[in-house]
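Please load the model in a viewer and keep the selection panel at hand. The tour below proceeds from one selection to the next and states what is found at each stop.

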Amino acid sequence: MSPRSASRPAPKKAATAAPGARRTQAERRETTRRKLLDATLETLVEQGYARLTTVAVAKRAGVSQGALFTHFDTKEELLAVAVEHLFPRIIQDFLAGVGARPSGKDRVGAAVDMLWAVYQRPELQAAIELYVAARTDPELQRALAAVDGPHRRNLHRVARELFPDVAATHPDFDDVVELALDAVQGAAVGGAARPSDPAHRRMLDTLARFMRVAFAPSA
């Protein structure tokens, strides 16, 4: 190699995208939004609805209170969207729990047991607290109504996927599903005061027996 060629600077390599490429504004906004929703649920679980403040949520999420209100117009909207953010995760865990049961176990019993299990989760019990508070809070009631309808329809869709034959042949299928959802949710509310009451187990067994009879093929 000649001295001249040795002194020549090496050719520059073609530019490549860095592994940590800058995120778009939309991506950064979505990340902040998810942090706020997660922080809302965590704060709701720890402090309850009455003590939850947007200041505490923003601090937990690592953003300013002003930034919080660029994503959500009101505290009530923030709470409702946080619940909406929670619901798909709950449904996914419910389906995984039912699917993990031994194949020989009846699906109705498994579905009732898993429904009860998910209602024992702190974040879902915290969400129920919002529904109770909405009785005297019209703005919270309106915010929850906007997310509850789609969630309820999604629950019925999941039920039809779990019991396709029954859903196709029984005209009262959706009514039975609605009754089961309300029964377990009501028991979960009562269970906040008496979590170890053996009556809960008897209620679940009775509910499962009722659903088996309701879903039985017509004579």
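Is E42 buried, partly exposed or exposed? In this predicted model, E42 has a relative accessibility of 38% and therefore counts as partly exposed.

**Stop 1: the whole chain**

Before turning to single residues, display the entire chain as a cartoon. The chain has 11 helices and zero strands. Followed along the sequence, the pattern reads α-α-α-α-α-α-α-α-α-α-α. Colouring by accessibility is useful at this point: of the 219 residues in the chain, 37% are buried.

**Stop 2: E42 and its partners**

Select E42 again, now together with R60, and show the side chains. The two residues meet in a salt bridge, with a distance of 3.4 Å from N to O. This pair links distant parts of the chain, as R60 belongs to helix α3 (residues 54-61) and E42 to helix α2, 18 residues apart. R60 is partly exposed, its relative accessible area being 34%. Add E46 to the selection: E42, E46 and R60 are linked in a network of salt bridges.

**Stop 3: the annotated segment**

Next, select residues 53-72. UniProt lists this range as "DNA-binding region", in an unreviewed entry. The annotation comes from that record and may be inferred rather than shown by experiment. In the model, the chain over residues 53-72 is 75% helix and 0% strand. A distance drawn between the end C-alpha atoms of residues 53-72 gives 14 Å.

**Stop 4: other salt bridges**

How many salt bridges does the structure hold? The count is 14. Two further examples merit a selection each.

For one of them, select R89 and D38. These residues form a salt bridge in which the closest N and O atoms are 3.7 Å apart. The pair connects distant parts of the chain: R89 lies in helix α5 (residues 75-100) and D38 in helix α2 (residues 25-51), with their positions 51 residues apart in the numbering. R89 has a relative accessible area of 32% and is partly exposed. D38, at 31% relative accessibility, is likewise classed as partly exposed.

For the other, select R152 and E178. Here the closest N and O atoms of the salt bridge are 2.9 Å apart. R152 sits in helix α8 (residues 138-162) and E178 in helix α10 (residues 173-191), so that this pair, 26 residues apart, also links distant parts of the chain.

Is R152 buried or exposed? R152 counts as buried because its relative accessibility is 15%, and buried means under 20%. Its partner E178 counts as partly exposed, at 25% relative accessibility.

**Stop 5: a patch of charge**

Select R22, R23, R28 and K35 and switch on the surface. These residues gather in a patch of positive charge on the surface. K35 is placed in helix α2. With 46% relative accessibility, K35 counts as partly exposed.

**Stop 6: contacts across the sequence**

Select F94, which is placed in helix α5. F94 is buried, with a relative accessible area of 11%. Add A111 to the selection: the C-alpha atoms of F94 and A111 are separated by 8.1 Å, and the two residues are 17 residues apart along the chain.

Finally, select D205, a residue of helix α11 (residues 199-215). D205 is partly exposed, with a relative accessible area of 32%. Which distance separates D205 and G109 in space, C-alpha to C-alpha? The value is 7.7 Å, although D205 and G109 are 96 residues apart in sequence.

Technical notes:
Residues numbered from 1 in each chain as written. Predicted model: local features only at pLDDT ≥ 70, side-chain atom pairs only at ≥ 80, totals over all residues. Heavy atoms only, no water. Salt bridge = Lys/Arg side-chain N within 4 Å of Asp/Glu carboxyl O. Helix = DSSP H or I, 4+ residues; strand = E, 2+ residues; numbered from the N terminus. Buried < 20%, exposed > 50% of the residue type's maximum accessible area, 1.4 Å probe, protein only. Patch = residues over 30% accessible without salt bridge, like charges linked within 9 Å, V, L, I, M, F, W, Y side chains within 5 Å. Areas by Shrake-Rupley, 256 points an atom, 1.4 Å probe, with all protein chains shown as cover. Lys, Arg positive; Asp, Glu negative; His and termini not counted. Charge placed at Lys NZ, Arg CZ, Asp CG, Glu CD.
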